[in-house]
Amino acid sequence: MTAPISERLEDVAQARESGRRKMDWAAQHMPICDSLREEFEADQPFEGERIGMAMHVEAKTAILAEILAAGGAEVAITGCNPLSTHDDVSAALDAVEGVTSYAERGVDDEAYYAAIEAVIGHEPTITVDDGMDLVAAIHEEYPELIDSIVGGAEETTTGVHRLRAMDEDGQLDYPVFAVNDTPMKRLFDNVHGTGESSLASIAMTTNLSWAGKTVVVAGYGHCGKGVAKKASGQNADVVVTEVEPRRALEAHMEGYDVLPMADAAKEGDVFITTTGNRDVIVEEHFEAMQDGVLLANAGHFDVEVDLDALSDLAVDRYEARDGVEAYEMADGRRLNVLAEGRLVNLATPIALGHPVEVMDQSFGVQAVCVREMVENGEAYGPGVHDVPDRLDKEVAEIKLEAEGVEFDALTETQAEYMDSWQHGT
Ligand code: RBV
């Protein structure tokens with residue numbers, strides 16, 4: 001049985017102090033979560049609820065867990081990626097009243113899933129996932145818990161995609177909010193968050209410049225758009241690969257080169273995958289690449305770059321830098337893989353995840369979704385649910401107020417006009 005992180009670290013006191021400092025810094029820049037914390041402390045909406053979480057356990061996520069606990073919940077949390085946990089933050093979080101953290105960085109598959117089981121051992125009434133690991137484990141191995149589960153919330157594109165597939169198969173047995181799909185999440189976190197944090201993590205891990213490089217961005221969804229835009233802003237030449245005709249056209253009209261991966265492979269200096277699919281960069285592409293290329297993945301799972309094929313091609317493999325593994329080909333070319341092909345913005349040794357401000361928005365939506373499930377859960381049947389617009393707007397309004405931004409309201413006449421089909425010329 002997995003023990004909480006505090007029982008596994010050598011110097012727990014020091015870890016807690018360092019983790020707490022990171023959390024305090026994050027909290028200072030999270031006005032939405034701060035405002036919700038006040039509300040939750042006063043109203044105690046989660047009294048009697050047990051919230052199970054599987055997310056990237058670092059400072060911002062810790063603030064989300066903390067405000068849920070401040071609202072009366074018992075919270076149990078673990079990671080949603082074996083490399084994204086900050087052990088010091090996990091320890092600081094484990095010290096928060098009402099929270100147990102099982103997350104630890106660098107665990108193997110067995111320990112990773114054992115920690116998920118430990119969270120499920122708390123018999124959650126609400127689940128908060130990033131990638132759907134909790135929902136999957138509960139449905140596959142602990143279906144007896146489903147009756148007492150009020151609902152869940154899912155953070156990321158891949159998780160929502162999997163949940164919708166599960167729902168279509170008639171296999172999803174409790175309601176889950178698609179937090180990822182809200183404007184307050186997707187238009188900021190996926191675009192700016194992924195763009196900024198992926199490039200920052202790659203630059204810091206390699207100490208290499210963007211200027212003058214050819215950056216190949218695989219996938220032009222929200223994440224790909226962010227990565228392409230920020231790379232372009234750093235003076236890189238951007239090449240986009242796509243499989244969806246309208247997105248390919250959008251990238252073309254945005255001024256990027258659009259190429260099949262087979263051609264892009266010959267041109268790129270840095271490759272960043274954001275597709276959410278598997279086998280995006282495979283053997284034929286490795287064979288065409290130049291010496292010294294960087295291979296990074298910004299999609300949720302580590303299946304976008306075919307590392308098995310790359311291993312088979314390699315005559316040697318070695319750690320080129322912290323977080324960079326060089327695969328040497330028979331002809332002497334070195335292809336450098338960052339963070340073992342896992343989420344590059346969270347899984348390199350120096351990674352910090354998305355910037356605090358965007359996670360404040362995403363986690364603000366998470367927090368109001370949990371509140372909605374507790375308050376009105378019976379209104380939602382089993383399946384994936386869009387987050388009600390009023391909740392997303394509530395989060396936007398808190399943020400605007402914190403930023404001191406004022407905006408207009410429709411007059412009654414305007415509102416009537418917008419709702420009417422009778423007005424013409
Ligand atoms: N993400 N979390 C962080 N806690 O620092 N950074 C990114 C963090 C989330 C983001 O919302 C995205 O949808 C998901 O990670 C992918 O796993």
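"In which hand does helix 8 cross helix 15? Hold on to that one for a moment, everybody, while I set the scene.

Thanks for coming. What you see above is a predicted model, so please keep that in mind as we go.

Let's start with the sheet. It is an open one, built from seven strands in the order 3-2-1-4-5-6-15, and the pairing is parallel. At the edges we have strand 3, residues 99-101, and strand 15, residues 383-385. Each of these has a single partner strand, so one side of each is left without a neighbour in the sheet. On average, neighbouring strands here are turned by 20° against each other, ignoring direction.

If you'd like one pairing to zoom in on, try strand 4, residues 126-129, and strand 5, residues 151-154: they run parallel and are joined by four bridges. Thr127, for instance, has Gly152 of strand 5 as its bridge partner.

Now for the helices on this sheet. Helix 5, residues 109-120, packs there and touches strand 1 and strand 2, with its direction at about 170° to that of strand 2. Helix 3, residues 59-70, lies across strand 1 (50-54), strand 2 (74-78) and strand 3, and runs at about 160° to strand 2.

Back to my opening question. Helix 8 passes helix 15 in a left-handed crossing. Helix 8 covers residues 183-206, and the two axes are 9 Å apart at an angle of about 150°. With anything over 145 degrees counted as roughly antiparallel, helix 8 and helix 15 are therefore roughly antiparallel to each other. From helix 8, the contact is made by Met184, Lys185, Phe188, Asp189 and Gly193; from helix 15, by Val358, Met359, Gln361, Ser362 and Val365. Sorted by class, that gives five nonpolar, three polar and two charged residues.

Helix 15, residues 356-376, also meets helix 16, residues 389-403: their axes come within 9 Å and cross at roughly 135°. That angle makes helix 15 oblique to helix 16, and this crossing is right-handed. On the helix 15 side, the contact residues include Gln361 and Val365, along with Glu357, Arg371 and Glu372. Helix 16 brings in Arg390, Leu391, Asp392, Glu394, Val395 and Lys399. Here the classes come out as four nonpolar, three polar and seven charged residues.

So, if you open the model afterwards, have a look at Gln361 and Val365 of helix 15: both are listed in the contact with helix 8, and both are listed in the contact with helix 16. Thanks, everyone!"

Methods. Residues are numbered from 1 along each chain as its sequence is written. This is a predicted model: local features need pLDDT of at least 70, side-chain atom pairs count only at pLDDT 80 or more; totals for chains, interfaces and linings use all residues. Side-chain values use heavy atoms; hydrogens and water are left out. Two strands pair if DSSP finds at least two bridges between them. Helices (H or I, at least four residues) and strands (E, at least two) are DSSP runs, numbered from the N terminus. Axes are lines fitted to C-alpha atoms, for helices over the stretch in contact, and angles run from 0 to 180 degrees between N-to-C directions. Contact means heavy atoms within 4.5 Å. Angles under 35 degrees count as roughly parallel, over 145 as roughly antiparallel, 65 to 115 as roughly perpendicular and the rest as oblique. A crossing is left-handed if the near helix is turned anticlockwise from the far one by less than a right angle, and right-handed if clockwise. Ala, Val, Leu, Ile, Met, Phe, Trp, Tyr, Cys and Pro count as nonpolar, Asp, Glu, Lys and Arg as charged, and the others, Gly among them, as polar.
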